[in-house]
Amino acid sequence: MKFIKILFIFYSGIIFSQKYIPIDTADKSERDLAVSAFKKSNKQYIESIKKQYSGKEGKLMVKEYEGFFKDFEEEIKKGTFCFDSRFIDYSNQMLANLRKDNPLIPNNTQILISKDPSLNAYCLPDGTFVLNMGLFHWLSNDDQLAAVVSHELSHKILEHSLKKQLYLIKNELSSKSKGEAKSIKKQKYNKSRIAFDLIKNKLYATGELSKKNEYSADSLGVILVKASSYNQGAFIEALQLMAKYDTLKPKGLNIGTYKKVFNLPNQSFRDEWLNKEGFSQYDYSLYKEKLNKDSLSSHPELKNRIDRLKKDFPELEKKSKKSISSTALKNLQGIAKNEQVPSMYFFEEYGLGIYLCLIRLQENIKDIYYKEWLGKCFEKIYEGRKNYQLNRYLERVDPKKQSESYQQFLNFMWNLSLDEIKNITDYYTQKASS
């Protein structure tokens, strides 16, 4: 999950954000309403399960869903979701547009906007749709967004989550979830993030069943888009865009940026901060490709999905009208970009937040907004270092899994002393308040 974010932060144009004010997080009343609506929805869903399934099978399914819904409800209460009306209204209108000529799409849907800045969406068993805020930034136009939404709607229409639970129960694999839940409780750090990832991973099966479900959702998704006013060619485009983000080689963070940002009046830049850890025990030739590019193949199945859609739906490759982003989406794209660091801050990913701030300052060294967030994130890093909990917020260098640019960043951060971190924190927090 972290490296999907690391990858995505590179692909953005320069938008000056000095005047941007983050979305208000004092939204307890909206959260309470969402929890109430969610409880009502999942209660109805569980009642429908009780009517459809009986005996041990029914009891196990009800127990699984009750635990699942309870976990997800906690995520709503903790503030994982954004209730900004601009995102909600836009998403509801898109859903209405798709539903207009597609009677298969259920009416009892609730949309939630996750603060997660990665390009993803998913559907819960009760029909609750979660759209990551990252969708609004990384996708190019309304048609591509409609394609992703259609894919997730198809998962619900085809009841993939329900069929997955039946599969697990019939194969006596339901104990796996219990083991995963117990392992989370033993986690020392990032329990919330790990638990939330587990919730999402529970939605669809893995392996061959997952591949089958993904393609059937693709196929039905194409049919939904074709019946709507949206451009059908955007379905392939959306998948290609995700694949593109997996294979491009972004420029990363230049050494000169470190020297510009951290050469302070009260603390001159020290070249030794850039010293790299020695990893003589590793055969770097094995990881040459990883070390030479800032990318991660997180969707290796995408190419197969794209090729299969082109074969089964040749009309998708025909030239069609050019997709143009609506004014509403353009506004949301800018907001979603500027919400990335606040989202990382919320998820306690302060190291990643600093990395992104440096990327943004590399684009525009005078950007006040990112200097302010740089100070906030460093303040948390200082607290972590002071309390011997820095591992909670900052990864260790791992040449097998990390890009060269990110390894350099982690080396820099771990090379800083407590006093040096304090000086950087004081400078940027005071600068932001002046």
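**Exercise 1. How many bridges join β3 to strand β4, and do the two run parallel or antiparallel?** Describe the sheet around this pair.

*Solution.* The model examined here is predicted.
Step 1. Strand β4 covers residues 128-132, and 3 bridges join β3 to it, the two strands running antiparallel.
Step 2. One position illustrates the pairing: A121 has L131 in β4 as its bridge partner.
Step 3. The pair belongs to an open sheet of 4 strands with mixed pairing, in the order β1-β2-β4-β3. The edges are formed by β1 (81-82) and β3 (121-123), each having a single partner strand, so one side of each has no neighbour in the sheet.
Step 4. A helix also meets this sheet: α4 (residues 85-100) lies across β1, β2 (110-114) and β4, and runs at about 135 degrees to β2.

**Exercise 2. Characterise helix α6: its span, its surroundings and its two ends.**

*Solution.*
Step 1. Helix α6 comprises 16 residues, 142-157. From its first C-alpha to its last it reaches 22 Å, close to the 22 Å expected at 1.5 Å a residue.
Step 2. A residue counts as buried when its relative accessible area is under 20%. This applies to 15 of the 16 residues of α6, so the helix is largely enclosed by the rest of the structure.
Step 3. The N-terminal end of α6 is capped by N141, which places a side-chain oxygen 3.2 Å from the backbone nitrogen of D143.
Step 4. After α6 comes E159, with a positive phi near 50 degrees.

**Exercise 3. Compare the settings of three salt bridges: K28 with D32, E214 with R305, and E404 with K276.**

*Solution.*
Step 1. Begin with the pair inside one helix. The side chains of K28 and D32 form a salt bridge with an N to O distance of 2.9 Å. Both residues belong to helix α2 (residues 28-52), where they stand 4 residues apart, about one turn of the helix. An α-helix has 3.6 residues a turn, so residues three or four places apart point the same way. K28 is exposed at 52% relative accessibility, while D32 is partly exposed at 40%.
Step 2. Turn to E214 and R305, whose closest N and O atoms are 3.6 Å apart. Because E214 lies in helix α10 (residues 207-226) and R305 in helix α14 (residues 302-312), the salt bridge ties together parts that are 91 residues apart in sequence. E214 is buried, with a relative accessible area of 15%, and R305 is also buried, at 11%.
Step 3. In the pair of E404 and K276, the closest N and O atoms are 3.7 Å apart. This pair links distant parts of the chain, 128 residues apart: E404 lies in helix α19 (residues 404-415), and K276 in the loop between α12 (255-262) and α13 (288-291). Both are partly exposed, E404 with a relative accessible area of 39% and K276 with one of 48%.

**Exercise 4. How many salt bridges does the structure hold, and which residues are linked with K39 in a network?** Place the answer within the whole chain.

*Solution.*
Step 1. The structure holds 22 salt bridges.
Step 2. K39 is linked with E73, E74 and K77 in a network of salt bridges.
Step 3. The chain as a whole has 20 helices and 4 strands. Of its 434 residues, 54% count as buried.
Step 4. Considering contacts between residues at least 6 apart in sequence, 77% join residues at least 24 apart.

Methods:
Residues are numbered from 1 along each chain as its sequence is written. This is a predicted model: local features need pLDDT of at least 70, side-chain atom pairs count only at pLDDT 80 or more; totals for chains, interfaces and linings use all residues. Side-chain values use heavy atoms; hydrogens and water are left out. The expected span of a helix is 1.5 Å times one less than its number of residues. Buried means under 20% relative accessible area, exposed over 50%, partly exposed in between (1.4 Å probe, protein chains only). A polar contact is a pair of N or O atoms within 3.5 Å; within protein, one must be able to donate a hydrogen and the other to accept it, and residues adjacent in sequence count only if both atoms are side-chain atoms. A salt bridge is a side-chain nitrogen of Lys or Arg within 4 Å of a carboxyl oxygen of Asp or Glu. Two strands pair if DSSP finds at least two bridges between them. Contact means heavy atoms within 4.5 Å. Axes are lines fitted to C-alpha atoms, for helices over the stretch in contact, and angles run from 0 to 180 degrees between N-to-C directions.
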